[in-house]
Amino acid sequence: MGNDEHREKEMKLVLALAVIFSMLLTACSPAPIKTSELAGNWQLASFTGNETLQVQGDEPITLNFDSTKQSINGFAGCNRYFGQYDLSDGKLSFSKMGMTKMLCQENNEIELYFMEQLKSVAGAQIRSGKLQLTSSNGDVLLELTRG
């Protein structure tokens, strides 16, 4: 076998491997989340990166998406909150946020942390049936399950 034939076979192999690798990367990337997938009630499953925070009391922390009004509302541990959301090209953001102002001894730290995390959300994905709210660099901030 000549040198040119050997190089041609190597090039074909490299090209084939590049195509296969590209296909694997595409298959592993989650499709952008749709508004219809967000719609409905979600309950906080975990604060990713701060598992020491534990919700006290009987009422779970919730996040409810109303896709017809592009609005959210929920319970943050002590107070109820509300606002608007925007979802486009897999990017999620919250705006026009408001909240009741009850004074609570329990869950104050949790509520503050939850609301700060919501402010940092830049994306969302659903993995294994859980809604993962992510930061701008893709880190999972909050993980929620259907409520």
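# Salt bridges, strand pairing and core of a predicted model

Lys-119 is exposed, with a relative accessible area of 63%. Here buried means under 20% relative accessible area, exposed means over 50%, and partly exposed lies in between (1.4 Å probe, protein chains only). The model is predicted: local features need pLDDT of at least 70, side-chain atom pairs count only at pLDDT 80 or more, and totals for chains, interfaces and linings use all residues. Residues are numbered from 1 along each chain as its sequence is written, and side-chain values use heavy atoms, with hydrogens and water left out.

**Overall make-up.** The protein chain holds three helices and eight strands. Both kinds of element are DSSP runs numbered from the N terminus (helices H or I, at least four residues; strands E, at least two). In sequence order the pattern is α-α-β-β-β-β-β-α-β-β-β. Of the 147 residues in the protein chain, 33% are buried. Contact means heavy atoms within 4.5 Å. Among the contacts in the protein chain with a separation of 6 or more, 48% are between residues 24 or more positions apart. About 9500 Å² of the protein chain is exposed, and carbon and sulfur atoms supply 54% of that area. Accessible areas come from the Shrake-Rupley method with a 1.4 Å probe, and for residues only the protein chains shown count as cover.

**Strand E8 and its partners.** Two strands pair if DSSP finds at least two bridges between them. Strand E8 (residues 140-146) runs antiparallel to strand E1 (residues 40-47), and five bridges join the two. E8 also pairs with strand E7 (residues 130-134), again in the antiparallel sense, over four bridges. E7 and E8 form a hairpin with five residues between them, and Gly-138 in the turn has a positive phi of about 95 degrees. Glu-143 in E8 takes part in both pairings: Ser-46 stands opposite Glu-143, and Glu-143 is the bridge partner of Gln-132.

**Salt bridges.** A salt bridge is a side-chain nitrogen of Lys or Arg within 4 Å of a carboxyl oxygen of Asp or Glu. By this rule there are three. Side chains of opposite charge can pair when their charged atoms come close.

Lys-119 and Glu-116 meet in a salt bridge at 3.4 Å, N to O. Both residues lie in helix H3, three residues apart, about one turn of the helix.

The side chains of Lys-130 and Glu-143 meet at 3.8 Å, N to O. This pair links distant parts of the chain, with Lys-130 in strand E7 and Glu-143 in strand E8, 13 residues apart.

Glu-59 and Arg-80 are joined by a salt bridge of 2.7 Å, N to O. This pair, too, links distant parts of the chain: Glu-59 is in the loop between E1 and E2, Arg-80 is in strand E4, and the two are 21 residues apart.

The remaining salt-bridge residues have these accessibilities:

| Residue | Relative accessible area | Class |
|---|---|---|
| Glu-59 | 35% | partly exposed |
| Arg-80 | 43% | partly exposed |
| Glu-116 | 44% | partly exposed |
| Lys-130 | 30% | partly exposed |
| Glu-143 | 16% | buried |

**Disulfide.** The structure holds one disulfide, a term used for a pair of cysteine sulfur atoms within 2.5 Å. Cys-78 and Cys-104 form it, with their sulfur atoms 1.6 Å apart. The torsion about their S-S bond is about 70 degrees, so the disulfide is right-handed. The pair links distant parts of the chain: Cys-78 lies in the loop between strand E3 (71-75) and E4, Cys-104 lies in the loop between E5 and H3, and they are 26 residues apart. Cys-78 is buried at 8% relative accessibility, whereas Cys-104 is partly exposed at 21%.

**Nonpolar core.** A nonpolar core is a set of buried Ala, Val, Leu, Ile, Met, Phe, Trp, Tyr and Cys residues joined through side-chain atoms within 4.5 Å. The largest such core has 26 residues, and Phe-65, Leu-92 and Leu-133 have the most contacts inside it. The elements that give two or more residues to this core are E1, strand E2 (62-66), strand E4 (80-88), strand E5 (91-99), helix H3 (108-120), E7 and E8. H3 gives the most, with four residues. Outside its neighbours within four places in sequence, Leu-92 is in contact with residues including Leu-38, Phe-65, Tyr-85, Val-121 and Leu-133.

A polar residue of helix H3, Gln-117, is buried at 10% relative accessibility. Not counting residues up to four places away in sequence, Gln-117 touches Leu-141 and Leu-142.
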